[in-house]
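Subject: A structure for you to look at

Hello,

I am handing over a structure that I would like you to look through. It is shown just below, and after it I have written up what turned up in it.

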Amino acid sequence: MAHQADAKKFLDERGYQGALIRGDNPLKLFEKPVRDRIVDSYYWKEQCFGLNAATLLDRAVELNFIGGTYGVAQKPTPFLCLVFKMLQLTPDRDIVLFYLQQEDFKYLRALAAFYIRLAWEKDEEVYTTLEPYLTDMRKLKRRTREGWALTHVDEFIDDLLIKSRVCATTLPKINPRLFLEDEDRLEPRESALGEELEELDNEDEQHGASEGEVEELANGNGRPLSDRSDSKSGED
């Protein structure tokens, strides 16, 4: 009960003196019904009590699915509870990036990515930090309101960058990438397929050159047909 009371005190504007995100209490990034369900949930009371940035890592590596709320009662997932705890802790950026960069724990990466999308206020930093993980195609299990679904890390990252609502949470507004490019706040993103496309272009050029050589040989004497016609006219 003390842990639950502590969370509710954290949401009390009269006593709040902690860090601000987007000029407000970070926990208010979650809608009130979701906040209430989280602080009343068993996972929050039993597994999130007393966590700090270091011990939260121990809980995060145990995650085996992502999601927002589920079932008729719209219970919060452990994933959502841990994001809520991160908003309460507001860990240093180096810690969040450490979570994000862990190759062995894909759900920890998803947790950090979701937090970054919620908490980091500069749009260009969100893009440049998350876009490198659009190449991570590992599978993720997702708990939905109706049941279960399969997604992938890159799809989840893409959802965070282009959708307005993910995991029962309305995301803060973010400018489209093209707008930031026009404002010179972002460099154009290089496609992960760039090298493959360049190789295909080179193959097409080589193929075109080969076809030209074949045509010359087919016309005889290794010369274009027009040259042969001129030569024949001179003989006449």
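Before the tour, one term: a residue counts as buried when its relative accessible area is under 20%, as exposed when that area is over 50%, and as partly exposed in between. Please also keep in mind that this is a predicted model.

With that term in hand, helix α8 is a good place to begin. Its buried residues include Asp123, Val126, Tyr127, Thr129 and Leu130. Among the elements that cover the buried residues of α8 are α6, α7, α9 and α10.

Asp123 also takes part in a link to a loop. Asn175 sits in the loop between β7 (169–170) and α10 (177–182), and its side chain makes a polar contact of 3.0 Å with the side chain of Asp123. Leaving out residues up to four places away in sequence, Asn175 touches Asp123, Tyr127, Leu180 and Arg185. Tyr127, like Asp123, is one of the buried residues of α8.

Next, the core. The largest nonpolar core holds 55 residues, and those with the most contacts inside it are Phe30, Phe79, Leu82, Leu87, Leu111, Phe114 and Phe156. At least two residues of this core come from each of α2 (32–39), α3 (42–47), α4 (55–60), α5 (78–89), α6 (93–100), α7, α8 (123–130) and α9. The helix that gives the most is α7, with 11 residues. For a look at one member of the core, try Leu87: not counting residues up to four places away in sequence, it touches Ile21, Pro26, Leu27, Leu29, Phe30, Tyr115, Leu118 and Ala119.

Helix α7 deserves a view of its own. It covers residues 106–119, which is 14 residues, and spans 20 Å from its first C-alpha to its last, close to the 20 Å expected at 1.5 Å a residue. Of those 14 residues, 13 are buried, so α7 is largely enclosed by the rest of the structure.

Now to the strands. There is an open sheet of 3 strands in the order β1-β4-β5, with mixed pairing. Its edge strands are β1 (66–67) and β5 (148–152), each of which pairs on one side only. What does "mixed" look like here? β1 and β4 (residues 139–143) pair in the parallel sense over 2 bridges, whereas β4 and β5 run antiparallel and are joined by 5 bridges. In the β1 and β4 pairing, Gly67 stands opposite Arg143. On the other side, Lys139 has His152 in β5 as its bridge partner. A hairpin of 4 residues connects β4 to β5.

The side chains of β4 are worth checking too. In a regular strand, side chains alternate between the two faces of the sheet. Along β4 they do alternate: Leu140 and Arg142 point to one face and are buried, while Lys139, Lys141 and Arg143 point to the other face and are not buried. Lying across β1, β4 and β5 is helix α9 (residues 153–162), which runs at about 90° to β5.

Where does Asp136 lie? You will find Asp136 in the loop between α8 and β4. With a relative accessible area of 9%, below the 20% cut-off, Asp136 is buried. Setting aside neighbours within four places in sequence, Asp136 is in contact with Arg109, Val153 and Asp154. The C-alpha atoms of Asp136 and Ile157 are 9.2 Å apart, although 21 residues separate them along the chain.

Finally, a loop with two backbone angles to look at. Cys167 is in the loop between β6 (165–166) and β7, and Ala168 lies in the loop between β6 and β7 as well. Phi of Cys167 is near 55°, a positive value in a residue other than glycine. For Ala168, also not a glycine, phi is positive too, near 60°. Are these residues buried or partly exposed? Cys167 is buried, with a relative accessible area of 6%, while Ala168, at 22%, counts as partly exposed.

Enjoy exploring it, and do write back with any questions.

Best wishes

How values were computed. Residues are numbered from 1 along each chain as its sequence is written. This is a predicted model: local features need pLDDT of at least 70, side-chain atom pairs count only at pLDDT 80 or more; totals for chains, interfaces and linings use all residues. Side-chain values use heavy atoms; hydrogens and water are left out. Two strands pair if DSSP finds at least two bridges between them. Contact means heavy atoms within 4.5 Å. Axes are lines fitted to C-alpha atoms, for helices over the stretch in contact, and angles run from 0 to 180 degrees between N-to-C directions. The expected span of a helix is 1.5 Å times one less than its number of residues. Buried means under 20% relative accessible area, exposed over 50%, partly exposed in between (1.4 Å probe, protein chains only). A polar contact is a pair of N or O atoms within 3.5 Å; within protein, one must be able to donate a hydrogen and the other to accept it, and residues adjacent in sequence count only if both atoms are side-chain atoms. A nonpolar core is a set of buried Ala, Val, Leu, Ile, Met, Phe, Trp, Tyr and Cys residues joined through side-chain atoms within 4.5 Å.
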